Protein chains: 2
Amino acid sequence: MSQGLFDQIFHPATVAIVGASTNDPETGWVGRLVNFGYRGRIYPVNPKVSEIGILKCYPTVRDIPEPVDLAIFNIPARLTPQIMQDCVARGVRIAHIFTAGFSETGKEEASKLEAHVAEIARAGNIRVIGPNCMGVYYPAGGLTFLHTFAREVGTVSMVTQSGAGATRFIHLANDRHIYFSKVVSYGNAVDLDAPDFLEYLAEDSETAVITCYIEGARDCRRFMASVMKCLQCKPVIILKAGLTESGAHAAASHTASLAGSAMVWDGFFRQTGAIQVDSLEEMADVVMAFLKMKSPGGRRVGIVGRGGGIGVIATDVCERAGLKVPPFLPETQKQLEAVTPEAGITVRNPVESAREIAGAADFYKRGLKIVDTDPQVDCIITHIAVDIYGGRQQDMQGELLKAAEALAVTAPALTKPLAAVLSAGEHLETFSATHQSRELLLKAGIPVYPSIEAAARAIYKFRSARGIGKNP
Amino acid sequence: MSQGLFDQIFHPATVAIVGASTNDPETGWVGRLVNFGYRGRIYPVNPKVSEIGILKCYPTVRDIPEPVDLAIFNIPARLTPQIMQDCVARGVRIAHIFTAGFSETGKEEASKLEAHVAEIARAGNIRVIGPNCMGVYYPAGGLTFLHTFAREVGTVSMVTQSGAGATRFIHLANDRHIYFSKVVSYGNAVDLDAPDFLEYLAEDSETAVITCYIEGARDCRRFMASVMKCLQCKPVIILKAGLTESGAHAAASHTASLAGSAMVWDGFFRQTGAIQVDSLEEMADVVMAFLKMKSPGGRRVGIVGRGGGIGVIATDVCERAGLKVPPFLPETQKQLEAVTPEAGITVRNPVESAREIAGAADFYKRGLKIVDTDPQVDCIITHIAVDIYGGRQQDMQGELLKAAEALAVTAPALTKPLAAVLSAGEHLETFSATHQSRELLLKAGIPVYPSIEAAARAIYKFRSARGIGKNP
């Protein structure tokens with residue numbers, strides 16, 4: 001696959017929007033390019049309209065006054081053969097077919113139409129992304145398929161068979177202060193397929209972490225080879241959907257994919273060392289560990305937070321996720337006792353930072369470094385059980401913020417990886433209070449998880465990665 | 001165990017608060033009773049104070065002018081023997097020892113002190129709740145251990161070895177519009193223990209669903225018998241903490257419990273038919289199914305919501321939780337196609353209600369009954385993937401509310417159990433938008449879950465219950 005092709009995909013000098021619409025100019029395909037800072041030339045195409053905003057609109061692709069690097073198809077499926085022919089005539093290099101209603105419908109006629117369009121493109125030397133896909137999000141180049149994605153540029157890339165999956169993932173990630181280099185939603189993949197993009201990302205200097213949502217691989221061997229090429233230098237986190245019997249049927253009617261058996265995919269993950277996740281939330285959680293956490297030397301975790309039954313449950317949760325919660329050394333316990341004077345406080349591990357949120361700040365200043373120096377643990381999870389108070393504690397937001405500030409001040413002095421957990425529950429006030437502290441911690445570079453389970457799973461999977469892509 | 005004892009626990013005519021404090025009169029032990037609507041006589045005890053609010057304060061329990069049904073110990077552990085002797089002298093019937101610092105510390109001296117206090121009580125005919133526990137929450141009688149709990153009266157009861165666990169659970173439940181009959185946090189259980197309370201709740205006409213947090217049972221056979229007694233007429237949902245190796249150690253340093261092996265407890269759950277949950281969130285989710293859902297005739301679920309990759313993941317999640325997602329009948333699919341005109345929409349199961357939140361209301365009005373009549377499914381999960389929009393969609397709150405209203409209007413006409421899922425993600429605006437619709441749905445009696453996983457697990461466990469406690 002030539003590097004030049006991908007230069008044109010991510011840095012097109014000219015983009016045609018076929019089926020440009022006058023409604024919704026801010027958030028439509030044209031408006032997004034304009035507002036997202038795309039610096040090339042945009043050619044809207046629509047025979048019924050003479051201009052879109054300040055841009056001249058062309059009746060057909062053939063009427064565009066220069067060759068076109070990228071044409072985005074935003075038109076009904078039945079019109080795609082004609083448009084593709086126009087694209088061939090005008091020297092289009094890449095066609096992104098956003099349009100759905102092809103082989104994914106399971107209907108013979110629709111599949112034939114898809115094959116027909118693909119053949120026109122192939123014969124005319126046009127490379128195709130799609131159909132039935134969202135295309136490219138590349139904030140550094142001003143390309144996006146949704147106006148709501150972050151403009152910030154990061155180092156995470158994604159190759160995805162699902163546009164809705166990409167949309168959810170990008171928002172979940174952005175909310176965790178995770179930003180992207182390149183996302184490609186490739187849909188039915190009549191031409192360019194996951195391995196093409198993965199091979200490119202393996203060598204892409206702007207990409208440090210690769211994520212992938214996949215339902216089925218057309219050429220399993222090639223998909224595996226491309227993943228292994230990536231894994232030589234960067235972590236690859238994959239959500240393989242359609243692994244259950246019902247899920248495989250759902251995948252077939254979504255992208256016409258053969259989902260493959262769970263056993264085959266188990267072998268794939270074992271052999272490649274790619275990290276398997278079960279949900280987009282978990283994918284965002286694992287990526288956050290790669291980006292914001294030191295690499296743990298082992299799987300033994302020190303838990304700092306509300307004790308009692310909450311601490312016992314937290315311990316079970318960590319161990320079920322694959323971590324261990326060994327007792328601190330006796331010296332450590334003695335030192336911790338000195339900074340946790342309340343009766344009934346446990347210091348063995350978990351250590352109870354404080355009964356109330358109000359006491360957490362003080363513990364972070366005095367107790368966290370004690371835990372950090374204990375050789376029995378490799379990493380620290382600290383949780384503030386905001387949900388315990390059901391949003392009804394007086395000045396919860398202020399006390400929580402004090403705790404977050406103390407944690408942000410102490411964290412840089414720690415030698416071991418740290419994850420913070422702020423469990424908000426379903427209460428609006430708890431969630432609001434949590435949100436402010438969460439933002440503060442994320443800005444300070446501390447990964448924040450919504451539950452101990454999420455943190456423990458992410459650490460386990462981060463730790464399981466085969467020595468690649470760790471933070472320096 | 002005599003019924004009279006529990007009458008005094010839940011309907012004490014007189015309560016002494018030993019160690020009543022002048023600080024925090026609203027939220028302290030005295031203030032809580034006053035503000036929560038307790039209608040008996042309250043006797044604050046504190047030698048340093050002459051009154052608490054408008055109440056006369058007594059120097060010792062002996063000075064109280066009448067016999068006392070319930071004395072709450074809010075004093076340092078070392079003072080408890082003296083106070084217990086005072087209680088014997090004054091004819092106290094039940095002592096709730098809130099005080100911690102006894103056998104749960106693992107220290108020999110503290111254990112001796114606990115045994116000593118217990119012996120004074122036993123000899124003096126006083127029954128003890130605790131020590132190291134929160135005691136009783138009984139909103140119908142104005143008893144509570146936290147001022148933030150709901151005043152509303154419900155039919156759920158809880159027996160719990162963890163006060164913090166109870167606190168989190170009650171708030172999580174209240175946020176789901178679940179209300180309580182009786183909660184007892186019993187701590188180290190030197191006298192009254194889980195089986196005593198469970199036997200009582202088995203026959204309690206105010207209790208329809210029983211929940212239990214337990215770390216270890218002192219007398220396993222008796223615990224099992226009490227659970228089986230309950231299960232004759234009501235569901236019992238149990239969170240057994242300390243099931244992992246590290247968790248068992250944590251339990252030992254929390255309540256000095258012998259946690260017991262996972263194998264023994266597996267046998268316990270299989271033999272009794274009690275429902276096992278792994279977290280307090282899951283406990284609240286399962287209780288919500290019992291209270292707000294029709295009983296499913298089987299495990300086949302129809303999924304209504306965002307399709308594409310989101311639908312494939314949802315399908316996997318349901319099947320991993322033990323449900324099945326079979327295809328709808330061809331007739332059903334045809335009918336659904338007629339009400340979902342967009343290209344690329346899947347109707348096989350999952351059925352895509354709409355791409356945007358805006359379309360969901362219309363689908364609920366026209367499509368939900370079609371799904372309901374399909375004999376291939378036993379229950380319906382409908383999810384609105386609010387988090388897909390990352391809080392940035394225009395008028396999300398309004399569109400979501402329209403969808404919720406349509407769902408609330410349609411739901412009563414459905415013959416099959418229904419669960420709604422509103423996934424808010426970590427974004428403040430998404431969460432706020434979700435919150436309003438969630439409240440509307442809960443008020444309409446529709447159970448609302450934060451994720452498809454939570455809904456699927458709850459339905460699976462609800463369905464697994466052995467034919468008891470189902471809604472009529």
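Q: How many residues does each chain give to the contact between chain B and chain A?
A: This is a predicted model, where local features need pLDDT of at least 70, side-chain atom pairs count only at pLDDT 80 or more, and totals for chains, interfaces and linings use all residues. Residues are numbered from 1 along each chain as written, with chains lettered from A and ligands numbered from 1 in written order. Contact means C-beta atoms, placed from the backbone, within 7 Å. Chain B gives 66 residues and chain A gives 66 residues.

Q: Which helix supplies the largest share of the side of chain B that touches chain A?
A: Helices here are DSSP runs (H or I, at least four residues) and strands are E runs of at least two, numbered from the N terminus. H5 (163-175), H8 (245-255), H11 (308-320) and H16 (428-443) of chain B each supply at least two residues. The largest share is 10 residues, from H11(B).

Q: Why is S16(A) described as largely enclosed by the rest of the structure?
A: Buried means 20 or more other C-beta atoms within 10 Å of the residue's own, with C-beta atoms placed from the backbone. A:Cys379, A:Ile381 and A:His383 point one way, and A:Ile380, A:Thr382 and A:Ile384 the other; all are buried. S16(A) (residues 379-384) is largely enclosed because its buried residues number 6 of the 6.

Q: In S17(A), which residue is the bridge partner of A:His383?
A: Strands pair if DSSP finds at least two bridges between them. S16(A) and S17(A) (residues 418-422) pair in the parallel sense over 5 bridges. The partner of A:His383 is A:Val421.

Conventions:
Contact = placed C-beta atoms within 7 Å. Buried ≥ 20, exposed ≤ 12 C-beta atoms within 10 Å, placed from the backbone.
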